[in-house]
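Me: I am in my first year and would like a close look at one part of this protein, with the rest brought in only where it helps. Could you take me through it slowly, in connected prose?

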Amino acid sequence: GLSPLSPAPNYPSTNPAVQITNVWATNDSANLYLSYQVAGNIDASKDFYHIFLDIDRDTSNGKTGYVYNDSASVGAEYMVENSSFWKYNGSGGSNWSWVSAAGMKKADSAGRTELSIPLNVLFPGQNQGTVQFLVEIDSATSPYGMVNVAPASYQTQSYVYHTTLTTAVIPVAPGVPWSYS
């Protein structure tokens with residue numbers, strides 16, 4: 001099986017049921033697989049989630065994608081929002097402008113969400129690359145706002161996963177191929 005990221009997410013949640021407890025990633029020759037676990041279950045009438053994916057990791061002129069909240073760590077070119085997959089088409093920074101992207105599949109069970117995203121969507125013509133990302137859960141009711149986020153120090157840190165070309169799903173040993181920056 002997959003080993004969860006280290007260190008484990010530990011941002012204090014305002015709702016213990018949606019406390020993010022683990023985050024995983026791996027890939028095969030066709031897809032990037034992302035997964036996260038919460039302590040209870042996400043009630044879609046009360047909470048929703050985002051995964052912000054920075055594909056180009058460009059910092060030459062600031063972040064080229066959407067910059068989440070006060071996070072300087074991720075400039076997202078792609079976003080997962082609940083069951084939808086989006087590509088950023090804004091001008092950078094906090095400009096909220098997205099268009100639908102194709103190919104993502106999602107499964108939920110007992111507080112765990114698993115996603116499959118085609119590598120050829122994320123890295124056209126390459127099918128491999130580096131993904132920098134964070135997971136965030138928001139309140140779906142007023143007052144809207146962040147309920148939980150991973151990693152906890154999202155303002156300066158994010159998860160980084162390096163895809164590898166392979167023909168089978170590879171197990172991820174602790175710290176390999178993860179880095180935490």
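What follows is my request about one strand and then a single long reply.

Me: Please look closely at strand E11 (residues 130-139): which strands does E11 pair with, and how many of its residues are buried?

Reply: Before turning to the strand, please keep in mind that this is a predicted model, and that every value below was computed from that model. The protein chain has 181 residues, of which 45% count as buried, and its secondary structure comes to 1 helix and 14 strands. If we take the contacts between residues at least 6 apart in sequence, 58% of them join residues at least 24 apart.

Strand E11 covers residues 130-139, and 10 of its 10 residues are buried. The burial holds for both faces of the strand: on one side lie Thr130, Gln132, Leu134, Glu136 and Asp138, while Val131, Phe133, Val135, Ile137 and Ser139 lie on the other, and all of them are buried.

Now to the pairing. With strand E3, E11 pairs in the antiparallel sense over 8 bridges, and within E11 it is valine 135 that stands opposite isoleucine 51. Strand E12, which spans residues 146-150, is also an antiparallel partner of E11, here over 4 bridges, and one residue pair to look for is glutamate 136 with its bridge partner in E12, valine 149. The connection between E11 and E12 is a hairpin, made through 6 residues. Strand E13 (residues 159-162) runs antiparallel to E11 as well and is joined to it by 4 bridges; there, valine 160 in E13 is the bridge partner of glutamine 132.

A good way to see how E11 meets its surroundings is to follow one residue of the partner strand E3, which runs over residues 47-54 and contains aspartate 47. Aspartate 47 has a relative accessible area of 6%, and because buried means under 20%, this residue counts as buried. Leaving aside residues up to four places away in sequence, aspartate 47 touches Asn15, Val18, Ile42, Ile137, Asp138, Ser139, Ala140 and Val147. Among these, Ile137, Asp138 and Ser139 are also named among the buried residues of E11. The side chain of aspartate 47 makes a polar contact of 3.3 Å with the side chain of asparagine 15. Aspartate 47 can also be compared in position with glycine 145: the two are 98 residues apart in sequence, yet from C-alpha to C-alpha the separation in space is 9.7 Å.

Ile42, one of the residues that aspartate 47 touches, leads on to another part of the model. The largest pocket has a volume of about 190 Å³. It is lined by 14 residues, and those closest to its centre are Ile42, Tyr49, Lys106, Asp108 and Thr113. Strand E2 (31-38), E9 and E10 each supply at least two residues of this lining, and the largest share, 3 residues, comes from E9.

The strands just named belong to an open sheet of 4 strands, in the order E1-E2-E10-E9 and with antiparallel pairing. Its edge strands are E1 (20-27) and E9 (105-109), each of which pairs on one side only, and from one strand to the next the twist averages 10°. E9 is joined to strand E10 (residues 112-118) by 5 bridges, and the two run antiparallel. Aspartate 108 stands opposite threonine 113 in E10, and both of these residues are among those closest to the centre of the largest pocket.

Finally, one more residue can be linked to strand E3. Glutamate 77 sits in the loop between strand E5 (75-76) and strand E6 (78-81), and because its relative accessibility is 14%, below the 20% limit, glutamate 77 counts as buried. Its contacts, again not counting residues up to four places away in sequence, include Leu53, Asp54, Ile55, Asp56 and Thr64. A polar atom of the glutamate 77 side chain lies 2.7 Å from the backbone nitrogen of isoleucine 55, and the side chain of glutamate 77 also reaches the backbone nitrogen of aspartate 56, at 3.3 Å. Threonine 64, which glutamate 77 touches, is found in the loop between E3 and strand E4 (66-67), and with a relative accessible area of 34% threonine 64 is partly exposed.

Notes: Residues numbered from 1 in each chain as written. Predicted model: local features only at pLDDT ≥ 70, side-chain atom pairs only at ≥ 80, totals over all residues. Heavy atoms only, no water. Buried < 20%, exposed > 50% of the residue type's maximum accessible area, 1.4 Å probe, protein only. Contact = heavy atoms within 4.5 Å. Polar contact = N/O pair within 3.5 Å; in protein donor to acceptor, adjacent residues only side chain to side chain. Pairing = 2+ DSSP bridges. Axes fitted to C-alpha atoms, helices over the stretch in contact; angles between N-to-C directions. 1 Å grid on protein atoms, 1.4 Å probe; cavity = no way out; pocket = protein on both sides within 12 Å on 5 of 7 lines; lining within 4 Å. Points joined across faces, edges and corners; volume = space filled by probe spheres on them.
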